[in-house]
Amino acid sequence: MTSYATASARAEMSELRRLKSLLPPELQSWVLVEGSTEINPPLIRCEEIGRDEVEIQIDLVKWENLAIDQRNLLFWHEVGRIQNDTIPKEGWEMAALAIGLGGAVGELWVQDGLLLLLALALCGVSGYRLWQKNNNRRQIDESIAADEKAISLATRFGYTLPNAYKSLGSALKTLIEQTPNRRGRQKYEERLQALRKGAAKAKAQMQSQREGKPMV
């Protein structure tokens with residue numbers, strides 16, 4: 001049992017080192033790749049953990065069930081989020097909303113009009129930022145943009161364009177099959193649909209280049 005645990009730990013460390021090597025050189029000094037320690041975490045995600053540091057966290061138990069090419073493209077999707085600066089930041093909005101609501105209630109009591117307006121303004125700004133963060137359409141658009149970055153990174157690391165699209169498409173199909181939540185599946189399905197459109201466009205461009213015809 002001990003030897004199995006040791007072998008498993010070594011395999012996980014080896015995979016984390018492998019993924020670290022898939023980071024573009026310009027990110028390697030400030031992007032960390034770690035196994036998630038949460039209970040029932042998402043498969044993979046990235047978050048800002050410091051002013052100049054970002055961490056990509058992976059559920060290594062679920063991760064090992066994916067093919068290598070699927071892992072690579074999902075990893076590069078998170079790298080694409082970092083490059084696009086669309087990763088979750090340390091949230092101040094909830095704290096600001098609570099302060100604003102508390103201030104508004106307090107100023108109603110003491111009847112200070114100016115401070116009441118300031119408290120309501122704080123509520124408005126923080127509430128709008130929370131809405132932006134949780135806006136479903138915006139999240140999907142950011143994911144699609146990160147998928148485009150993932151395809152670009154894959155070709156940078158030696159994939160052909162068709163294989164990059166195929167690997168990411170395969171990964172998204174697997175995630176659709178493994179996601180019981182309807183809303184979660186819908187996000188993957190929209191990403192897959194956008195990916196198919198991108199693949200068709202890339203195929204047409206390659207065909208046109210082979211035939212020597214300009215694309216309109």
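Visitor: What joins S2 to S3?
Guide: In this predicted model, a hairpin of two residues makes the connection from S2 to S3.

Visitor: How do you know that strand S2 (residues 44-50) and S3 pair, and which way do they run?
Guide: Two strands count as paired if at least two bridges are found between them, and six bridges join S2 to S3, so the criterion is met, with the two strands running antiparallel. One of the pairings sets Gly50 opposite Glu53 of S3 as its bridge partner.

Visitor: What makes strand S1 (residues 31-35) a partner of S3?
Guide: Five bridges join S1 to S3, and because the requirement is at least two, the strands pair; here the direction is parallel. Among the residues involved, Gly35 has Ile58, in S3, as its bridge partner.

Visitor: Why is strand S3 (residues 53-58) called mostly covered?
Guide: Buried means under 20% relative accessible area, and five of the six residues of S3 are buried, which is why the strand is described as mostly covered.

Visitor: How do you know that the span of helix H6 (residues 136-156) is close to the expected one?
Guide: The expected span is 1.5 Å times one less than the number of residues; for the 21 residues of H6 this gives 30 Å, and the helix reaches 30 Å from its first C-alpha to its last, so the two values agree closely.

Visitor: Which elements do the buried residues of H6 pack against?
Guide: The buried residues of H6, including Ile140, Ile144, Ile151 and Leu153, pack against helix H3 (68-84), helix H7 (161-178) and helix H8 (182-211). After H6 comes Gly158, with a positive phi near 105 degrees.

Notes:
Residues numbered from 1 in each chain as written. Predicted model: local features only at pLDDT ≥ 70, side-chain atom pairs only at ≥ 80, totals over all residues. Heavy atoms only, no water. Helix = DSSP H or I, 4+ residues; strand = E, 2+ residues; numbered from the N terminus. Buried < 20%, exposed > 50% of the residue type's maximum accessible area, 1.4 Å probe, protein only. Contact = heavy atoms within 4.5 Å.
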